[in-house]
Amino acid sequence: MASRRALQIGGGTIAVGAAYYLYSAGGNPSVAEKKLEHDASAAAARLRGQDLSKQEAQKKGELFAKEAGATIDRTVDNVRADIRNADKAITSKMHEAGNKVDQLKDEGSKALNDTSKELQHSADNFDKKVTQKTVEAKNGISSWLGFGK
């Protein structure tokens, strides 16, 4: 008789538990099953001594947050250092390019001055030759006409 009574109590308890999970899942049996599995694993963890109290979970969460924050801070610092290095490299390259432009400008200006001097010298030589040939031609014509030598 006692075993029959225990069976009735156990069966009733299981029925009430099933009804509770089914009701809390909104009538969806698969959601009720997931909730039951979650609660069963949590109860097993408590029995094995793996249950984290709220304070322990909060401490672990804070520790994780500190570690994550430190990792983020290191990453931000590394990115900032990389940006500073890139900025230095860009500034250096800009100065080099400016110096090269100035050098090319000076070389171009010198070449222009040299070319201008050569052109002026050639023009002077041409002018002298034209004047000389003109004088020679004038003298030649004058001698034909009897006005010269």
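The following is a conversation about a predicted model of one protein.

Reader: To begin, how many helices and strands does the protein have?

Author: The secondary structure of this predicted model comes to three helices and zero strands. Read along the sequence, the pattern is α-α-α.

Reader: Is the protein spread out or compact, next to a globule?
Author: The protein is more spread out than a compact globule, because its radius of gyration is 52 Å, well over the 15 Å that the globule rule gives for 149 residues. Along the principal axes, the C-alpha atoms fill a box of roughly 170 × 35 × 20 Å.

Reader: What share of the residues counts as buried?
Author: Of the 149 residues, 3% count as buried. Ala45, which lies in helix H2, is buried, with a relative accessible area of 16%. It counts as buried because that value is under the 20% cut-off.

Reader: And what does the accessible surface come to?
Author: The accessible surface is about 13400 Å². Carbon and sulfur atoms account for 61% of that area.

Reader: I would like to turn to confidence. What is the average pLDDT?
Author: The average pLDDT of the protein is 84, and 91% of the residues score at least 70.

Reader: Which element has the lowest mean pLDDT, and which the highest?
Author: Helix H1, residues 2–24, has the lowest mean pLDDT, at 75. The highest belongs to H3, at 89.

Reader: Why should one keep such values in mind?
Author: Where pLDDT is low, predicted coordinates should not be read in detail.

Reader: Now to charged side chains. How many salt bridges are there in the whole structure?
Author: A search of the whole structure finds two salt bridges. In one of them, Lys93 pairs with Glu96, and the closest N and O atoms are 4.0 Å apart. In the other, the side chains of Lys133 and Glu136 meet at 3.8 Å, N to O.

Reader: Why can such side chains pair at all?
Author: Side chains of opposite charge can pair when their charged atoms come close.

Reader: Where do Lys93 and Glu96 sit relative to one another in the helix?
Author: Both belong to helix H3, residues 54–145, and because they are three residues apart there, about one helical turn separates them.

Reader: What about Lys133 and Glu136?
Author: Lys133 and Glu136 are also in helix H3, three residues apart, so they too are separated by about one helical turn.

Reader: Is Lys93 buried or exposed?
Author: Lys93 counts as exposed, at 54% relative accessibility. Its partner Glu96 counts as partly exposed, at 44%.

Reader: And how exposed are the two residues of the other bridge, Lys133 and Glu136?
Author: Lys133 counts as exposed at 53% relative accessibility, whereas Glu136 is partly exposed, with a relative accessible area of 41%.

Reader: Let us leave the helices for a moment. Where is Asn28 found?
Author: Asn28 is found in the loop between H1 and helix H2, the latter covering residues 29–47. Asn28 is partly exposed, with a relative accessible area of 33%.

Reader: With which side chain does Asn28 make a polar contact?
Author: The side chain of Asn28 makes a polar contact with the side chain of Ser30, at 3.0 Å.

Reader: Back to helix H2, then. In which helix does Leu36 lie, and how far is it from Tyr21?
Author: Leu36 lies in helix H2 and counts as partly exposed, at 44% relative accessibility. Leu36 and Tyr21 are 15 residues apart in sequence, and their C-alpha atoms are 6.9 Å apart in space.

Reader: How far apart in space are Ser41 and Thr91?
Author: Ser41 and Thr91 are 61 Å apart, C-alpha to C-alpha, with a sequence separation of 50 residues. Ser41 lies in helix H2 and counts as partly exposed, at 41% relative accessibility.

Reader: You mentioned Ala45 earlier. What separates it from Asp114?
Author: Ala45 and Asp114 are 69 residues apart along the chain, and 94 Å separates their C-alpha atoms.

Definitions and conventions. Residues numbered from 1 in each chain as written. Predicted model: local features only at pLDDT ≥ 70, side-chain atom pairs only at ≥ 80, totals over all residues. Heavy atoms only, no water. Helix = DSSP H or I, 4+ residues; strand = E, 2+ residues; numbered from the N terminus. Buried < 20%, exposed > 50% of the residue type's maximum accessible area, 1.4 Å probe, protein only. pLDDT = per-residue confidence, 0-100. Polar contact = N/O pair within 3.5 Å; in protein donor to acceptor, adjacent residues only side chain to side chain. Rg over C-alpha atoms; globule rule 2.2 N^0.38 Å. Areas by Shrake-Rupley, 256 points an atom, 1.4 Å probe, with all protein chains shown as cover.
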